[in-house]
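Work through the exercises below with the sequence and the structure open. Each one sets a task and then solves it step by step.

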Amino acid sequence: MEISAYYETKTAHFGVVSTDWLAQAQSATSIPNPTLSSPIPIQHNKPFSVIDEFNTWRNQPHLAEAVAAIRALAAVIRSSQATTMMELEIELKKASDSLKSWDTTSISLTAGCDLFMRYVTRTSALEYEDFNSAKSRLIERAEKFGEISYKARKVIAMLSQDFIFDGCTILVHGFSRVVLEVLKLAAQNKKLFRVFCTEGRPDRTGLRLSNELAKLDVPVKIVIDSAVAYSMDEVDMVFVGADGVVESGGIINMMGTYQTALVAKSMNKPVYVAAESYKFARLYPLDQKDLAPALRPVDFGVPIPSKVEVECSARDYTPPQYLTLLFTDLGVLTPSVVSDELIQLYL
Amino acid sequence: MPDVQSLVNDFVNQLKTRKIEGSQATAKQTAEFLRSVISQQRVPHTNQAAALINAVRDVGEQLIAANPVELAVGNIVRRVLHIIREEDHSLTTAAVAGLGLTAASDDENDVDRDDHPVLSAAVVAAAARSTLRPPSLQTLLEDMPDSTAIPPPSSSGGESEGKSRSVDKGSIGRKLKHDVIEAVNELIQDIATCYDQIAEQAVEHIHQNEVILTLGSSKTVLEFLCAAKEKKRSFKVIVSEGAPRYQGHLLAKELAARGLQTTLITDSAIFAMISRVNMVIVGAHAVMANGGVIAPVGLNMVALAAQRHAVPFVVLAGSHKLCPLYPHNPEVLLNELRSPSELLDFGEFSDCMDSASGAGSLHVVNPTFDYVPPKFVSLFITDTGGHNPSYMYKLIADYYSADDLVVKRRALTGN
């Protein structure tokens, strides 16, 4: 089975715990540890490839994928021989298209490329400047984007503090850096709350999140994925991250988010999404099958007969009517605001 | 400024003792009060906007803390802060445009100027613009100016042009205060006339022979219904009495006096009557950023009944009632508990209300407000027209600056 690049990134960043992974770790010689590789400056003897560049950035565990994409596009600008803005734009367009087609499953990669392209073509700040200073300005902005992304997480954590009250129980599905940041800040602010982590089969993201939370002395309980409805009674709010926020205001996130949101809705519990605004993507999925499925291996521990099919998709789409609010660096938003923001940017 | 402080204390006392009631009256008096604060504020020659903003914010914190349940106070404080920012911005952009390209390398761009010799006026304008606008995807990648992007007084200004610029700034200063007071006057005017603007839309919503249900009494609703009546619409109104204050009685009397066919019912009869109702029209105490409504107690029941029978639930609200906060904040959800004397006469049940022993005695709780979630509201009618609940955030973004949302939080942590 073909494993999607999207899933590979996740595995590399979050150290998904699977038996496969354990086996690989034991015979570690074959795989170089991706976290150690640092971005290599572009060698001029080797032909420049935007995808290689992207991959070197992508393997840095603290960088979001959109940041890696924008950094890669900045590298395109740096190595470009173009002498006019138009040439540069065409070159960038080509690079971003090849990036996007290299991994069609990653939404934040696409969104990041689109956002940067939009900035290059739209921004009024470039209009009156000469070409070289415009170029250096673009590169500078792209390099600052990592900071913007980091700051976005801080802003989101700050905004969501009002919503976490003393004595509340939060159900978290999936491992998200933003959600972790939110919970971290709440713990720092001496809020009293407990967290239920879903196990997150087969990646066991919940194990990792519970690990991190235990370090912060936050009371945490792991519930298996099928126990979401069982434990929803005790839950006050559901917190999830997002791989992408789509134009309808719905989110695309780790498999199981949809059912968690459905259960929460039917029990009248608020569902909060924490996502940076550069994850807003120009997609309008109508149902689950509208998405390119991101495949991943599912390990059942016992051999499965070859005639039996296995559902391997790694994520699902949660429609906006099941979400209460989105916490983004643009502020606290209702799902309907997302399309407004996107239209403002792309129309 | 001792006189300003004593005025503030007076006003705070009035708010604390609930001498000022009703969101419209509160909004109007708050705006008038802030206008006098601004006019008495002595402004320095440099950085006038910041001085005004600080003064208003200081006073605003105290006012909000005096009656945190009356959200109109906070709304008006934020509106005035927004007005100051806007006026300051329009003056500085006018100045930048006036100075032309040569002087466009304004002080705030000193650092940029070093690497980019020719920095365009467009950049300056864009930077100034983005301080006023709420953050958006469009500006995400742009150079985010610091929140103090209001240009600080030039310390390293050019020799010859520095002089002319400082003269310019002096005149800007005097003009700023004048413009702000002018704009606050407009705001007060708007608050006073919001009834008319809402009532004007009545004929679009109320049709011939319809049956309208409302609960309690709201001046906005009264004006709305009367405006439709004046346009020769004939319709029936069912008024629910609105226990425990029974303001519905007053409304029913008033409507009947104006020749409208009125029926008075008890609050408990709402479900019984709702099936023959075409539309529910109610007033609100405050409208939150997500489209939820803080309304007189009993309205959530009306909303549920309307939802059950698919009757449109229309909320009338002047723009001073739009609050940029989300109702999930506990301090916003804080309800006001009024005196139990509205429920019981003095001496009644006195044998079960043994205050000395305490335990096991009867409690009487009299909350003032209900929270109606946005999913129950079909339409908001404000002075700018009809809006969907999910659109309220947009209106709010027009009225307030993102920087001012935290006035309240700061006030609370300060206490």
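**Exercise 1. Place the proline A:Pro202 and describe the peptide bond before it.**

Step 1. A:Pro202 sits in the loop between E2 and helix H9 (205–215) of chain A. Helices (H or I, at least four residues) and strands (E, at least two) are DSSP runs, numbered from the N terminus.

Step 2. The bond that joins A:Arg201 and A:Pro202 is a cis peptide bond, with omega about -5 degrees.

Step 3. The loop between E2 and H9 of chain A also holds A:Arg204. Phi of A:Arg204 is near 55 degrees, a positive value in a residue other than glycine. Most residues other than glycine have a negative phi, and most peptide bonds are trans.

Step 4. Is A:Arg204 buried, exposed or partly exposed? A residue is buried if 20 or more other C-beta atoms lie within 10 Å of its own, exposed if 12 or fewer, and partly exposed in between, with C-beta atoms placed from the backbone. A:Arg204 has 19 C-beta neighbours inside 10 Å, so A:Arg204 counts as partly exposed.

A note on the model and its numbering: this is a predicted model, in which local features need pLDDT of at least 70 and side-chain atom pairs count only at pLDDT 80 or more, while totals for chains, interfaces and linings use all residues. Residues are numbered from 1 along each chain as its sequence is written, and chains are lettered from A and ligands numbered from 1 in the order in which they are written.

**Exercise 2. Find the cis peptide bond that precedes B:Pro244 and place this proline.**

Step 1. The bond runs from B:Ala243 to B:Pro244 and is cis, with omega near 0 degrees.

Step 2. B:Pro244 belongs to the loop between E2 and helix H10 (247–257) of chain B.

**Exercise 3. Give the strand order of the open sheet in chain A and name what packs on the sheet.**

Step 1. The seven strands follow the order E3-E2-E1-E4-E7-E9-E10 (chain A), and the pairing is mixed. Two strands pair if DSSP finds at least two bridges between them.

Step 2. Which strands stand at the edges? They are strand E3 (220–223) and strand E10 (331–333) of chain A; each has a single partner strand, so one side of each is left without a neighbour in the sheet.

Step 3. From one strand to the next, the twist averages 25 degrees. Axes are lines fitted to C-alpha atoms, for helices over the stretch in contact, and angles run from 0 to 180 degrees between N-to-C directions.

Step 4. Strand E2 (residues 193–198) of chain A pairs with E3(A) in the parallel sense over four bridges. A:Phe196 has A:Lys221 in E3(A) as its bridge partner.

Step 5. Helix H7 (residues 131–159) of chain A packs on the sheet and touches strand E7 (271–274), strand E9 (325–328) and E10 of chain A. The direction of H7 makes about 135 degrees with that of E9(A). Two residues are in contact if their C-beta atoms, placed from the backbone, lie within 7 Å.

**Exercise 4. Describe how domain 1 of chain A meets domain 2 of chain A.**

Step 1. The domain assignment gives domain 1 (5–151) and domain 2 (155–346) in chain A. Such bounds come from an automatic or database domain assignment.

Step 2. In chain A, 22 residues of domain 1 are in contact with 27 residues of domain 2.

Step 3. On the side of domain 1 that touches domain 2, the elements of chain A giving two or more residues are helix H1 (5–14), helix H2 (19–26), helix H6 (107–122) and H7. H6(A) gives the most, with eight residues.

Step 4. By class, this side of domain 1 of chain A has nine nonpolar, nine polar and four charged residues. Ala, Val, Leu, Ile, Met, Phe, Trp, Tyr, Cys and Pro count as nonpolar, Asp, Glu, Lys and Arg as charged, and the others, Gly among them, as polar.

**Exercise 5. Describe the surroundings of B:Ser234.**

Step 1. B:Ser234 lies in the loop between helix H9 (219–230) and strand E2 (236–240) of chain B.

Step 2. With 13 other C-beta atoms within 10 Å, B:Ser234 is partly exposed.

Step 3. Leaving out residues up to four places away in sequence, B:Ser234 touches B:Gln208 and B:Asn209.

Step 4. B:Asn209 is exposed, with 9 other C-beta atoms within 10 Å. Phi of B:Asn209 is near 60 degrees, a positive value in a residue other than glycine.

**Exercise 6. State the pLDDT of chain B and one stretch where it is below 50.**

Step 1. The mean pLDDT (the predictor's confidence in each residue, from 0 to 100) of chain B is 79, and 76% of its residues reach 70 or more.

Step 2. Over residues 101–122 of chain B the pLDDT is below 50. Where pLDDT is low, the predicted coordinates should not be read in detail.
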